[in-house]
Amino acid sequence: MAKINAVITGVGAFLPEYRLTNEELSTMVDTNDEWIMTRVGIKERRILKEEGEGASYMGVKAIEDLVRKTGLNLDEVDLVVCTTVTPDAPVPSTAAIICDRAGIHNALGFDMNGACSGFLYGLDLVAQYIRSGSKKKVILVSAEKMSTITDYTDRTTCVLFGDAATAVLVEPTEDEGVGLMDSNLYTDGIGRNWLKIIAGGSAKPASHETIDAHEHYIYQEGKQVFKYAVTRMADAAAEIMERNKLTSDDIAWLVPHQANLRIISATAERMELNKEKVMINIEKYGNTTSATIPLCLYEWEKQLKKGDNLVLAAFGAGFTWGALYIKWGYNSK
Ligand code: UT7
């Protein structure tokens with residue numbers, strides 16, 4: 001019997017309409033377009049303005065887009081995994097809310113938090129379900145309403161993040177020329193104090209004091225995070241190339257997490273890839289955490305060809321980081 005592998009067979013997305021530009025940010029905090037463009041590479045980010053709506057709203061919209069594009073029958077979906085650091089609420093899971101709102105009633109569903117590496121962790125995980133034969137139609141949702149955990153009085157973080165959601169369909173295949181070929185994923189809590197949300201969890205529940213101290217927003221020591229991100233993301237990508245005997249000529253695309261253009265460039269350099277093979281859209285959306293990589297796949301979908309070698313690489317809070325090697329599954333219609 002041929003071996004079963006997991007392959008991406010469709011990509012949907014949702015981007016809120018509102019564009020928060022560098023110009024608008026510079027009226028809110030002491031910053032400017034020149035600093036943001038040269039130090040990070042972002043021009044604008046999308047912000048969800050719909051009152052009372054969170055990650056699940058965007059996740060459902062991304063699933064609707066996926067259904068429109070693929071003709072997927074939601075009754076056949078048997079697994080929904082939602083990667084997010086901004087769940088609608090701690091309980092119930094955002095996956096449960098998404099299933100209900102999208103009309104998915106025959107699936108196992110749960111959330112996972114791999115921070116900015118969430119999509120890589122999620123794809124690796126759902127591939128295990130598929131390879132075991134237990135799941136056949138899987139939606140991997142990455143839904144991040146970063147604007148709710150961003151402190152718009154802190155210039156060192158508020159310029160970085162944006163809101164977005166994606167929904168990726170993953171299915172079994174017996175075709176050896178496509179699918180998830182290799183995973184190289186890591187976690188090391190050494191970074192847990194350099195990028196975190198201090199309050200609102202079980203260690204430090206919400207109180208008037210925590211709210212006054214802005215402790216429900218992202219806290220980041222950017223320089224420390226940068227130091228690790230720039231080496232570890234590149235190391236993980238280089239390692240996966242080496243063990244799969246891939247040269248830069250073999251690789252069609254690097255699909256990097258979009259946190260900082262300088263981190264992306266360092267990874268591409270380490271892989272000896274020229275810029276034409278690197279998906280970059282940080283300028284338009286900023287850092288949408290686990291949604292950045294699938295958002296690139298969504299935007300570049302028409303240029304991808306069946307069998308293309310892609311290296312996906314990320315680095316995020318925890319620290320979490322790593323790289324996946326996939327062979328793209330289809331030619332776009
Ligand atoms: O996706 C999850 C993982 N996260 C990351 O990968 C992020 C990694 N870190 C970074 O990308 C960068 O460290 C940042 C973009 C966050 C910051 O860039 P940096 O080049 O490391 O700047 P810095 O923090 O060292 O700050 C340099 C200067 C400081 O001023 P002084 O102390 O030199 O006078 C900051 O106060 O830039 C100042 N600064 C700003 N100036 C204008 C910091 N933020 C801003 C700002 N506008 N928004």
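**Notebook: helix packing, ligand shell and backbone checks**

I began with the pair α8 and α9, whose axes come within 9 Å and cross at roughly 30°. The model I am reading is a predicted one. I noted the handedness of the α8 and α9 crossing as right-handed.

Next I listed the residues at this contact. On the α8 side I found Phe226, Ala229, Val230, Thr231, Met233, Ala234, Asp235, Ala237 and Ala238. They meet Arg262, Ile263, Ala266, Thr267 and Arg270 of α9. Sorted by class, the contact between α8 and α9 holds 9 nonpolar, 2 polar and 3 charged residues.

**Ligand shell**

I then turned to the ligand and asked which of the 24 residues around it come nearest. I recorded Thr31, Arg39, Lys223, Asn260 and Asn287.

I looked up which elements supply at least two residues each to the shell around the ligand. These are α2 (33–39), α6 (155–158), α8 (222–243), α9 (261–270) and β12 (309–316). Helix α8 gives the largest share of the shell, 5 residues. Both α8 and α9 therefore appear twice in my notes: they contribute to the shell, and their axes come within 9 Å.

By class, I entered the shell residues as 11 nonpolar, 8 polar and 5 charged.

**Polar atoms at the ligand**

I looked up three side chains here. For Arg39, a side-chain N or O atom is 2.8 Å from an oxygen atom of the ligand. For Asn260, a polar side-chain atom lies 2.7 Å from a ligand oxygen atom. For Gln220, the partner is a nitrogen atom of the ligand, 3.2 Å from an N or O atom in the side chain. I also noted the area: the ligand taken alone exposes 960 Å², and the protein buries 75% of that.

**Backbone checks**

I searched the backbone for cis peptide bonds and recorded two entries. In one, Val91 and Pro92 are joined by a cis bond with omega of about -5°. I placed Pro92 in the loop that runs between β4 (79–83) and α4 (94–102). In the other, the bond from Gly318 to Phe319 is cis, and omega is near 15°. I placed Phe319 in the loop between β12 and β13 (320–327).

I also checked phi at Lys245. The value is positive, about 55°, although Lys245 is not a glycine. Lys245 sits in the loop between α8 and β11 (253–256).

**Lys305**

My last entry concerns Lys305, and I asked where it is found. Lys305 belongs to the loop between α11 (292–300) and β12. Leaving aside residues up to four places away in sequence, I found that Lys305 touches Trp328, Tyr330 and Asn331. I also looked up its separation from Tyr285, 20 residues apart along the chain; the C-alpha atoms of Lys305 and Tyr285 are separated by 25 Å.

Definitions and conventions:
Residues are numbered from 1 along each chain as its sequence is written. This is a predicted model: local features need pLDDT of at least 70, side-chain atom pairs count only at pLDDT 80 or more; totals for chains, interfaces and linings use all residues. Side-chain values use heavy atoms; hydrogens and water are left out. A residue is near a molecule or strand if one of its heavy atoms lies within 4 Å of it. A polar contact is a pair of N or O atoms within 3.5 Å; within protein, one must be able to donate a hydrogen and the other to accept it, and residues adjacent in sequence count only if both atoms are side-chain atoms. Accessible areas come from the Shrake-Rupley method with a 1.4 Å probe; for residues, only the protein chains shown count as cover. Helices (H or I, at least four residues) and strands (E, at least two) are DSSP runs, numbered from the N terminus. Ala, Val, Leu, Ile, Met, Phe, Trp, Tyr, Cys and Pro count as nonpolar, Asp, Glu, Lys and Arg as charged, and the others, Gly among them, as polar. Axes are lines fitted to C-alpha atoms, for helices over the stretch in contact, and angles run from 0 to 180 degrees between N-to-C directions. A crossing is left-handed if the near helix is turned anticlockwise from the far one by less than a right angle, and right-handed if clockwise. Contact means heavy atoms within 4.5 Å.
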